[in-house]
Amino acid sequence: MGNKKCYFVCANTSKGFVSYFDYVLNDAKRVYIIKGGPGCGKSTFMKRMGEELLEFGFDVDFIYCSSDMNSIDGIFVHDVDIAVVDGTAPHVIDPKYPGAVERILNFGDYWDIDYLREKKDEIKYYFDEIEKHYKIFFEYMSSAKLIHDKWEKEYLKGMDFRKADEITENLIKSIIVKNQNKQSKEWHRFAGAMTPQGQLTFYDILTKQIENRYVVKGRPGTGKSTMTKKIAKAALKNGYDVEYYHCSFDPDSIDMIIIPELSFALLDGTAPHELEPENYDNVVDMFECIDTDVVHEDEDPIKSIELEYAKEIEKAKFIYRKIYEIHNELEKYYIDAIDFNDVNALRIRITDTIKSLKK
């Protein structure tokens, strides 16, 4: 049995749709790109393939979909460095080296095209509704980000930046004790995301083999992400590889870094990806850098801003759930049109091909 890792590489953020799929593709020696409409079995195809390859002994990354927590956008098979990915919108992926590296798996070959043409008006309606609702969703997310910025500014008024820098420098000195004298490498991903069904975070899976786990606590604007970025920069400078896990609400912020060669992880354990420290965890409390004589978090304006932010996020979540419902209606037409026997036969052939490459 191989090791399973889970994360996201795409998210619907306050800055729109963000994809870090390039970091998956750059590591791959061979890429299978699946093309096809919603509901034609792309996620099930990849999930079953990934689980079978895990059982066979491969280490497999499962790349989850932020628009549906029960779906995946791809898998990456280690040892042979093969990626199988959903190449349809919004994360459109096209071959860069057709045939030599990438192969397209066109599930459209297995459609009853006459049936889909017969349902053209209904299909167009649902696609247009999804597009319209996503525009509203991103407007709410953008508005929530502006409110969050106001929230941060209230805490910044009482922030002791010298103390925050001191905490950061002490961590760097204790973690990075030597130079690796090699070219470092970095990856960018999401450890969690807001999905229509709720928040999904993979902190535990991603850090289960990490020996040195640091959980950061704090409030908006207390320097959690800034500290994380500084430690990551120092690690890269000293030749250590770094996995960056961005915030799915604000992708400019970092929720977690992992430095595999040091078996080190630093993660933001505050809501919405709240994580209570275990006995073996180290806790970094950035709220210690706040002057509570200046910042009164149980009073206005902080309480009013916090409520305003929660209301705006709830509006976005409502629309997100609506998109999910519309998408499920759209999928029904493609489920009725697809020949899943042909899809399964293709999956078996490709899975067997990958198995044959195991050393």
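**Exercise 1. Charges over rings**

Over the ring of which residue does the charged end of Arg189 sit?

*Solution.* The model under study is a predicted one. Step 1: the charged end of Arg189 sits over the ring of Tyr7, at 4.3 Å from the ring centre. Step 2: a second case is provided by Lys4, which lies over the face of Phe62, 4.5 Å from the centre of that ring.

**Exercise 2. Aromatic pairs of Tyr134**

Classify the geometry of the pairs that Tyr134 forms with Phe137 and with Phe138.

*Solution.* Step 1: a search of the whole structure yields 18 aromatic pairs. Step 2: in the pair of Tyr134 and Phe137, the ring centres are 6.2 Å apart and the planes stand at 85 degrees, so this pair is edge-to-face. An angle over 60 degrees is what places a pair in that class. Step 3: Tyr134 and Phe138 have their ring centres 5.8 Å apart, with 20 degrees between the planes, and this pair is stacked. The cut-off for stacking is an angle under 30 degrees. Step 4: along the chain, Tyr134 and Phe137 are 3 residues apart in helix 4 (residues 120–156), about one turn of the helix. Tyr134 and Phe138, 4 residues apart, also both lie in helix 4, again about one turn. Step 5: one aromatic cluster is formed by Tyr134, Phe137, Phe138 and Tyr320.

**Exercise 3. Burial within the cluster**

Determine whether Tyr134 and Phe138 are buried or partly exposed.

*Solution.* Step 1: the cut-off for a buried residue is a relative accessible area under 20%. Step 2: Tyr134 has a relative accessible area of 18% and is therefore buried. Step 3: Phe138 has a value of 21% and is therefore partly exposed. Step 4: Phe137, the edge-to-face partner of Tyr134, is buried.

**Exercise 4. The interface between the domains**

Describe how domain 1 and domain 2 meet, starting from their bounds.

*Solution.* Step 1: the domain assignment gives domain 1 as 4–111 + 339–357 and domain 2 as 159–289. Step 2: their C-alpha centres are 28 Å apart. Step 3: contact involves 23 residues of domain 1 and 28 residues of domain 2. Step 4: the two domains bury about 2100 Å² between them, of which 62% is on carbon and sulfur atoms. On the side of domain 1, the most area is lost by Phe8, Tyr20 and Met69, which together account for 31% of what that side buries. Step 5: the count of salt bridges between domain 1 and domain 2 is 3. A salt bridge also joins the side chains of Asp27 and Lys185, with an N to O distance of 2.7 Å.

Methods
Residues numbered from 1 in each chain as written. Predicted model: local features only at pLDDT ≥ 70, side-chain atom pairs only at ≥ 80, totals over all residues. Heavy atoms only, no water. Phe/Tyr/Trp six-rings, centres within 6.5 Å; stacked < 30°, edge-to-face > 60°. Helix = DSSP H or I, 4+ residues; strand = E, 2+ residues; numbered from the N terminus. Buried < 20%, exposed > 50% of the residue type's maximum accessible area, 1.4 Å probe, protein only. Lys NZ or Arg CZ within 6 Å of the ring centre and 35° of its normal. Domains from an automatic or database assignment. Contact = heavy atoms within 4.5 Å. Buried area = accessible area lost by both parts, 1.4 Å probe. Salt bridge = Lys/Arg side-chain N within 4 Å of Asp/Glu carboxyl O.
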